[in-house]
Amino acid sequence: MRIFDPHIHMTSRTTDDYEVMYAAGVRALVEPAFWLGQPRTTVGSFLDYFDALLGWERFRATQFGIRHHATIALNPKEANDPRCTPVLDEIPRYLAKDGVVAVGEVGYDSMTPAEDEAFTRQLAMAIDAELPVMVHTPHRDKLVGTRRTLDVVRESGIAPGMVVVDHLNETNVALVKDAGAWMGFSVYPDTKMDEHRMVAILLEHGTERVLVNSAADWGRSDPLKTLKTGRAMLAAGFSDDEVDQVLWRNPVAFYGQSGNLLLDPVPGFVEGEAPAATASYEGSSVLRGARV
């Protein structure tokens with residue numbers, strides 16, 4: 001089973017996670033820029049974070065045989081903080097960097113006027129940069145938020161096929177499907193969506209334009225939920241080809257619209273061997289301490 005996790009926050013994970021993900025079949029992923037769990041207080045903290053996503057984290061993934069890509073944005077939660085919103089002026093230059101495959105996460109948290117402004121501006125940036133968009137639907141009032149999201153997307157003029165609306169569930173998947181956008185599902189141990197509910201949605205709505213991700217952030221989460229979803233699909237009667245479509249070909253098709261995917265095997269990586277002792281990024285290695 002080959003896996004492309006289209007939404008996973010590896011900055012929150014350990015190198016052990018990279019190792020078990022590779023063993024499970026993960027060969028590529030996308031890490032969206034998001035909220036870190038506590039407020040950022042300066043634009044500079046965003047820029048350091050963006051630089052880490054496109055530098056150190058990309059390097060760290062390759063040491064374990066995985067191709068790392070990123071999306072860049074001011075997230076909806078922090079769009080409400082006036083200390084953070086000036087970063088919108090910095091985002092366009094990051095959208096031109098290697099490894100950036102979409103604008104995101106954008107959208108709504110509390111559906112405020114400040115979130116409206118940030119969402120609209122970043123959709124325009126995506127159009128200018130010819131990049132797809134990853135949209136976050138709110139955890140509260142999800143159905144209302146999804147309708148409002150789709151209205152804003154429609155008004156922006158971006159093609160629906162360039163948009164994935166994420167964190168969907170049974171209440172709003174049909175809205176997004178009918179709008180022609182891609183449908184994103186974050187599979188968690190306790191919240192949002194589990195693999196069995198995900199299989200039921202696939203049985204009802206099919207495998208076209210569906211992206212299944214583990215999200216795997218700093219909360220209780222599981223970076224192998226993609227694998228577990230694939231296994232649940234097989235147990236429910238889906239074919240190997242249908243699993244491959246959902247877990248590999250669909251994310252490749254969506255993010256491939258950026259022209260920035262890199263999916264060939266990592267040069268020098270040998271499965272089962274430790275990362276090279278000489279490999280480093282700006283002086284830092286994934287190996288800590290002396291080798292014996």
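Student: Is Y255 buried or exposed in this model?

Tutor: The model is a predicted one. A residue counts as buried when its relative accessible area is under 20%. Y255 has a relative accessibility of 0%, so Y255 is buried. F254 is buried as well, with a relative accessible area of 0%.

Student: How many aromatic pairs does the structure hold, and how should the geometry of F254 and Y255 be described?

Tutor: A pair of aromatic rings is described by two quantities, the distance of the centres and the angle of the planes. In this structure there are 11 aromatic pairs. For F254 and Y255 the ring centres lie 5.0 Å apart and the planes stand at 75 degrees; planes over 60 degrees apart count as edge-to-face, so this pair is edge-to-face.

Student: Which residues form one aromatic cluster with F254 and Y255?

Tutor: The cluster consists of F4, W182, W248, F254 and Y255.

Student: I should like to turn to the strands. What can be read from the two faces of β5?

Tutor: In a regular strand the side chains alternate between the two faces of the sheet. In strand β5, which spans residues 133-136, V133 and V135 lie on one side, while M134 and H136 lie on the other. These four residues are all buried, and both faces of β5 are thus covered.

Student: Which strands pair with β5?

Tutor: Pairing is read from the bridges between strands. β4 and β5 are joined by 3 bridges in the parallel sense. Within this pairing, V103 stands opposite V133, and G107 stands opposite H136. β5 is also joined to strand β6, residues 163-166, by 4 bridges, and these two strands run parallel. There, V133 stands opposite V163. V133 therefore has V103 as its opposite in the pairing with β4 and V163 as its opposite in the pairing with β6.

Student: How is β4 itself placed, and what is its other pairing?

Tutor: Strand β4 covers residues 100-107 and is mostly covered, with 8 of its 8 residues buried. β4 runs parallel to β3, to which 3 bridges join it. One of the partners is A102 in β4, which is bridged to T71.

Student: What helices connect these parallel strands, and with what handedness?

Tutor: Here one follows the path from a strand over a helix to the next strand. β4, helix α5 (residues 113-129) and β5 make a right-handed β-α-β unit. β5, helix α6 (residues 142-156) and β6 also make a right-handed β-α-β unit.

Student: Which features of the backbone should be noted in β4 and in the loops?

Tutor: The angles of the backbone are read one residue at a time. The peptide bond from G104 to E105 is cis, with omega near -5 degrees, and E105 lies in strand β4. E130, a residue other than glycine, has a positive phi, near 55 degrees. E130 belongs to the loop between α5 and β5 and is exposed, with a relative accessible area of 61%.

Student: Where is R209 found, and what is its phi?

Tutor: R209 is in the loop between α8 (195-205) and β8 (210-213). Its phi is near 55 degrees, again a positive value in a residue other than glycine. R209 counts as partly exposed, at 24% relative accessibility.

Student: How many cavities of 30 Å³ or more are there, and what lines the largest?

Tutor: An enclosed space is described by its volume and by its lining. The count is 1 cavity of 30 Å³ or more, and the largest cavity has a volume of about 30 Å³. Its lining is made of R58, T62, R67, H68, H69 and L262. By class, these are 1 nonpolar, 3 polar and 2 charged residues. α3 (56-62) and β3 (67-72) each supply at least two residues of this lining, and β3 gives the most, with 3 residues.

Student: What is the volume of the second largest pocket, and which residues line it?

Tutor: A pocket is described in the same terms. The second largest pocket holds about 150 Å³ of space. Its lining includes E19, Y22, A23, Q63 and F64, together with F269, E271, G272, E273, A274 and P275. By class, the lining of this pocket has 6 nonpolar, 2 polar and 3 charged residues.

Technical notes
Residues numbered from 1 in each chain as written. Predicted model: local features only at pLDDT ≥ 70, side-chain atom pairs only at ≥ 80, totals over all residues. Heavy atoms only, no water. 1 Å grid on protein atoms, 1.4 Å probe; cavity = no way out; pocket = protein on both sides within 12 Å on 5 of 7 lines; lining within 4 Å. Points joined across faces, edges and corners; volume = space filled by probe spheres on them. Nonpolar A, V, L, I, M, F, W, Y, C, P; charged D, E, K, R; others polar. Buried < 20%, exposed > 50% of the residue type's maximum accessible area, 1.4 Å probe, protein only. Right-handed = clockwise from strand over helix to strand, strands pointing away. Phe/Tyr/Trp six-rings, centres within 6.5 Å; stacked < 30°, edge-to-face > 60°.
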